[in-house]
Amino acid sequence: MNLTDLSPYINKLDIIKDTASQTIKDFDMFGVEIKFSGNAYEAYEELFEQIEPRIQKMIGSNQSKFMGILYRIDVNDEQIKKAVSQNTSEPFSAIITDLILKRELQKVVIRNHYKSK
């Protein structure tokens, strides 16, 4: 399952809440506190608004933490290169944040798929 196959899951409340929990857990491992109100309808925006400025700051001041988060979440160089080439007008930190949230969603969908088998 690639990142573009995730659209059917974006409106599933249980998947969105699990994605928020996974995101919070992964960032917490690096001492970055992310909060989620529980409003699944605005989860992407809520998480994006918290994560993007932190990613932007890490890019400028803490490359090792930034790389650690990317490794932990499993966002690879090829995904980044492809996304950057397709989104030349977006800031780098916004592109990375979008990739992070999509990858977290992907992990939850895959986990739930295999859990149900």
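**Exercise 1. Find which residues of α4 meet which residues of α5 in this predicted model, then describe how the two helices cross.**

Step 1: start with the contacts. On the α4 side, look at Q79, I80, A83 and V84; they meet F92, I95, I96 and L99 of α5.

Step 2: sort these residues by class. The contact of α4 with α5 comes out as 7 nonpolar, 1 polar and no charged.

Step 3: get the geometry. Two packed helices are described by the angle between their axes and the distance between the axes. Here α4 covers residues 77-86 and α5 covers residues 92-115, and their axes come within 10 Å, crossing at roughly 125 degrees. Angles of 65 to 115 degrees would count as roughly perpendicular and those over 145 as roughly antiparallel, so α4 is oblique to α5.

Step 4: add the hand. The crossing of α4 and α5 is right-handed.

**Exercise 2. Now do the α3 and α5 pair: at what angle do the axes cross, and which residues meet?**

Step 1: the axes of α3 and α5 also come within 10 Å, with a crossing angle of roughly 30 degrees. Under 35 degrees counts as roughly parallel, so that is the label for α3 against α5.

Step 2: this crossing is left-handed.

Step 3: list the contacts. From α3 you have F66, I69, L70, R72 and I73, and they meet F92, I96, I100, R103, E104 and K107 of α5. By class, that gives 7 nonpolar, no polar and 4 charged residues.

Step 4: check burial along α3. F66, G68, I69, L70 and I73 are buried, and the buried residues of this helix pack against α1, α2, α4 and α5.

**Exercise 3. Work out how many residues the largest nonpolar core has and which elements feed it.**

Step 1: the largest nonpolar core has 20 residues, and F27, I55, I96 and I100 have the most contacts inside it.

Step 2: go through the helices. Those giving two or more residues to this core are α1 (13-28), α2 (43-61), α3 (63-73), α4 and α5. The top contributor is α5, with 5 residues.

Step 3: zoom in on I96. Setting aside neighbours within four places in sequence, I96 is in contact with I55, F66, L70 and I80.

Step 4: look for anything outside that core. There is a second, separate core of 5 residues, with L6, I15, L105 and V108 among them.

**Exercise 4. Decide whether I59 is buried, partly exposed or exposed, and find what it touches.**

Step 1: I59 is found in helix α2. Its relative accessibility is 24%; buried means under 20% and exposed means over 50%, so I59 counts as partly exposed.

Step 2: not counting residues up to four places away in sequence, I59 touches F66, F92 and S93.

Step 3: for a sense of distance, take D5. I59 and D5 are 54 residues apart in sequence, and their C-alpha atoms are 28 Å apart in space.

**Exercise 5. Look just past α3: what is the phi of D74, and where is D74 found?**

Step 1: D74 follows α3 and is found in the loop between α3 and α4.

Step 2: phi of D74 is near 75 degrees, a positive value in a residue other than glycine. Most residues other than glycine have a negative phi.

Step 3: finish with accessibility. D74 counts as partly exposed because its relative accessibility is 40%.

Definitions and conventions:
Residues are numbered from 1 along each chain as its sequence is written. This is a predicted model: local features need pLDDT of at least 70, side-chain atom pairs count only at pLDDT 80 or more; totals for chains, interfaces and linings use all residues. Side-chain values use heavy atoms; hydrogens and water are left out. Axes are lines fitted to C-alpha atoms, for helices over the stretch in contact, and angles run from 0 to 180 degrees between N-to-C directions. Helices (H or I, at least four residues) and strands (E, at least two) are DSSP runs, numbered from the N terminus. A crossing is left-handed if the near helix is turned anticlockwise from the far one by less than a right angle, and right-handed if clockwise. Contact means heavy atoms within 4.5 Å. Ala, Val, Leu, Ile, Met, Phe, Trp, Tyr, Cys and Pro count as nonpolar, Asp, Glu, Lys and Arg as charged, and the others, Gly among them, as polar. A nonpolar core is a set of buried Ala, Val, Leu, Ile, Met, Phe, Trp, Tyr and Cys residues joined through side-chain atoms within 4.5 Å. Buried means under 20% relative accessible area, exposed over 50%, partly exposed in between (1.4 Å probe, protein chains only).
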